Every structure is written in structure tokens, then in C-alpha cells.
Amino acid sequence: MNSLDTFITKNDSLKIDLMNHFLETDQSLYTMKSIENNFALSTYMLRETIEALNINNLFKFDWLLIKKGIIYQKYRVSRYHLYKLSQFYFNLSPLKILLEKRSLSGSLPTYTNIQAEYGWSTSYFFTQKNILDNIIMDQNPFEFIQAGYAIYNYFDEKPSFSGRIKSISHAIIDFLLDTYLINDMNLQQKELLIDFYVSEMINNGRYCLTNVSEPVIYTLQKLPDSIALQVSGDTTIFLSKLLEVLDLFDFLQESNLYWFSPEIEDKILKAQQKITPLLSRYFKTLSFSKISLLGHQISKYSQRFSMKTQWFFRPEGVVNLKYFQDIYPSIFTLLPEIIKILNDQQTIIFDSRQNLFEFNLIGIMFNDIAAINLDKIEISVNFTATQMTNNMIITMLKSHINHASVYFTQNQTNADIYLSDTIDEKSRGEQVIWKKPPTLSDWRALGELIVKIKKNEKKKT
């Protein structure tokens, strides 16, 4: 599980880990002995954990059944159930109590206050406080803003901020929307981040704005008086640091209303000059203006990515790129070259963050990847029944395979894949025979064949 699950107690983390194991392995039954060995549990502890999961699950009935040493799933869990369970245990966490009070008041509560309200012992209080101190740099307001946002967003929760903080936050969101500095997507997450920012500025604003480093982002935009009168300190710095925090989590829109510091702008330009010729060789059919724009987008995002802190990465977990490597293997010859250019420019992409960075680069280039029909595959559909059968099969194929540069024809013997209900000795490509309506295994076999051909074709180029 993700490191943010430190906020969940050891016993509750075991329940989540067990649910995650069932989700990942996707079996209908398990032997108790295998689970005991995998998790180093006693039979008693495993039974207790399963009983607790049955009590706290979302199904309103016993999800797991134990019979003669076998654990049966009566319902297949999904990521939704896993995260709802994480949310449930997060709300029971003692660390969440301390984090919430720090978020709302600007400082950690004293032992006296917690003892009076919750009855904690001295040792228990300081144990929990030390754990929280090791996770979050409480004395750094900007670190705390990012940490608080990342943790609460991960568990789909938010602190009970005061009406004043919510009022200021809503006014700021309206201002940012009106100036097109943000868009209206994921407003719930943007509101949570701005809530944390405003709360910290109100509680620790004097320290935040007098001990601040030079701004990374500059803008000529001004906060409306209705907002400026409610926040203390230099409102120019207030807005610049707000934009910087939004940018750290990729919430800031592309706009000419703000710019980066001269040092960063210079790095963007130098990286663009190196990356654009590489893109020109790769995306040969795109116009020069499109290539130049793409080079600037990649260079700019690379700089932004290098500025991100641990709190951007920790909720992300492991990003698996196998899907894209399967359907677009050629793009993975370009990505390492881009990363080498960036690292040579001292925009360091660390190995531990490379998969996420590559995933985001694919997102930036995805429309262009689709436009050039990268790693194109052609499937010829030729069933011996009526033309309606061919049309139906092609419609089914398009609904299942609609974005992997796969194209469908009929009666073509030189296609990459010949799909029919009868063998054709003249066909030059791989042959797939469906005598009956395709089963799940038929679809899986076709998908694996597409991947195999794409990878083999890549080896020839």
C-alpha cells in the first residue's frame, strides 16, 4: 500500500493490505494457510481480521466466508471499496486528529488539550506526535500546505475549515476562474488546496510572507480588494506563492498572464532548442509550428516537474507503463532521448520519478501520437456469412480496440491480421479464427497478438 497509509493504524493497515491482496490476485477462493504464510499471521489473527472486514465492509453482508480452511469471496471487490475502506480507517486514525487540529489552528495541539478531549496518555500523545513530525515538516508552512492537501486528497476527505476560510477560498477560486489562471475541472481538489493555503496564510501568514524565498512565478494580476482586505501581508507575494503552489500540483493553466523567473525561462528555452529537432525527426508529418509548440510544452513541463516536491509524488504510488509500451512500443525509443537531453540541461529526472514523468509526456504528446498512426496495425475481417456479419464484427472490434492505431478492412490478404471463420492459405499475415461468437479468451488472444506484432515490427525498424 501507499506510504500515506502510515496514517492508518497497524491493525487497520493489515485489513487494507488483505483486501488489496484479494483485489490484486483476483481469485474466488484462498486457503487460510497461504494467506497466513503471505502475511505472517496466526490463524487466530487472520480470523479476527476477516471478521473485522466483514463488520466494516460496504456490502451490508459478510463479504468473506471461511469454511474448512478455505476463504471464499462472496463479492468481487473493486478499487472503490478499497479506497472507501481506507477513508473509513483514516477517520479513526489518531494521526488524523493531530493533523486536523494543526490544519485548523496553525499549530499542533498541546498534550493538555488532547488529554482533556480524548483521554490520551502522555506517552501515547508524544508517540503519535513524533510519528507526525517524521512525516510532515510542521515548521515549514509551504511544506505543510502541500502535505495537508496530499494527505486529505488521497483519502478523499477535507478538514472542517471555518466559514471565513471557505469564504475567502471561494472568492479566490472565482478570481482565478475569471482570469483563466485555472479551469473548472477538478474544482473539489483545487478548493481543498486553496483552503489549506488560505488557512496557513491566516494562521502563519506573517512568518510565511516574511521568510519566503524569491518567487518562482510572477504575474501582473492583482487580487481584488474584496480578497486583499481579508489577507495580511504583501498581496503580490501572496498571489505569486499561491500560483506556485497550484503549479506544483498541475492545477495552473497555460497562460500568458504569468511567467517563470528569468533563470527558469532560460532553461526552458535551452531545452526547447535541443528537443525540437528530435521531435521533428520523430513526428515527420507534423508542421514546424506544431513541432515547435510541442517542444515548448515538453520543455516547460519538464521544468515544472523538476520543481515538484515529495508531496506531489507520494500519493501517486507506482505508475505502470506496460499498457503504453504494448500498444505504442516506438514511443519508448523517443522518451529516453528526451530525458537524456533534459538531464544534460541539469533538469534532473530522477529514476524513481521517471515512469510518472514518461506517463505525463505521453499525455502531452498523445494527440500527436494518434495523428501519425504510430505502430499501425491492420486487421482484415472476412467472415463467410453475410456482409452484416462482417459489419457486426468490425463494430465490435472498434468498440473494444478504438485508440491503439488499429484499423479494420475487408478481403485484404496482406493485412497484419486476418480474422475469419475459415483459414485462407493466401493470407500473408497472422490468422485468427472465430467459429463462434468470441469469448473473453478469444479477445485476450487477439489483444496479445496485436501487441506481439507491434513489438516485432518495432524490432525491424
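Biologist: At roughly what angle do the axes of helix H5 and helix H8 cross?

Modeller: Keep in mind that this is a predicted model. Helix H5 covers residues 94-105 and helix H8 covers residues 141-154. Their axes come within 11 Å, and the crossing is at roughly 130 degrees.

Biologist: Is H5 roughly parallel, roughly perpendicular or oblique to H8?

Modeller: The crossing angle is roughly 130 degrees. Angles of 65 to 115 degrees count as roughly perpendicular and those over 145 as roughly antiparallel, so this one falls under the rest. That makes H5, relative to H8, oblique.

Biologist: And is the crossing of H5 and H8 left-handed or right-handed?

Modeller: Looking at that pair of helices, the crossing of H5 and H8 has a hand of its own to report. For H5 and H8, the crossing is left-handed.

Biologist: How many of the residues in the contact of H5 with H8 are charged?

Modeller: On the H5 side you've got Lys96, Leu99, Glu100, Arg102 and Ser103. They meet Phe144, Ile151 and Tyr152 in H8. The contact divides into four nonpolar residues, one polar, and charged ones numbering three.

Biologist: Moving to the sheet with the order S1-S3-S2, which are the edge strands?

Modeller: Three strands make up this open sheet, and the pairing is antiparallel. An edge strand here pairs on one side only. That applies to strand S1 (29-31) and strand S2 (64-67).

Biologist: Which residue in S3 is the bridge partner of Lys67?

Modeller: S2 and strand S3 (residues 70-73) run antiparallel, joined by four bridges. In S3, Lys67 has as its bridge partner Ile70.

Biologist: What angle does the direction of helix H2 make with that of S1?

Modeller: Helix H1 (residues 10-25) lies across S1, S2 and S3, and runs at about 120 degrees to S1. Helix H2 (residues 32-39) packs on the sheet too, touching S1, S2 and S3. The direction of H2 makes an angle with that of S1 of about 70 degrees.

Biologist: There's an open sheet of four strands as well; is its pairing parallel or antiparallel?

Modeller: The strand order is S7-S6-S8-S9, with S7 (406-409) and S9 (430-433) at the edges. Four bridges join strand S8 (residues 417-420) to S9, and one partner pair is Tyr418 with Gln431. The pairing in this sheet is parallel.

Biologist: Which helix lies across S6, S7 and S8?

Modeller: Strand S6 spans 377-382, and the helix runs at about 150 degrees to S6. The helix takes in residues 387-400, and its name is H19.

How values were computed
Residues are numbered from 1 along each chain as its sequence is written. This is a predicted model: local features need pLDDT of at least 70, side-chain atom pairs count only at pLDDT 80 or more; totals for chains, interfaces and linings use all residues. Side-chain values use heavy atoms; hydrogens and water are left out. Two strands pair if DSSP finds at least two bridges between them. Helices (H or I, at least four residues) and strands (E, at least two) are DSSP runs, numbered from the N terminus. Contact means heavy atoms within 4.5 Å. Axes are lines fitted to C-alpha atoms, for helices over the stretch in contact, and angles run from 0 to 180 degrees between N-to-C directions. Angles under 35 degrees count as roughly parallel, over 145 as roughly antiparallel, 65 to 115 as roughly perpendicular and the rest as oblique. A crossing is left-handed if the near helix is turned anticlockwise from the far one by less than a right angle, and right-handed if clockwise. Ala, Val, Leu, Ile, Met, Phe, Trp, Tyr, Cys and Pro count as nonpolar, Asp, Glu, Lys and Arg as charged, and the others, Gly among them, as polar.
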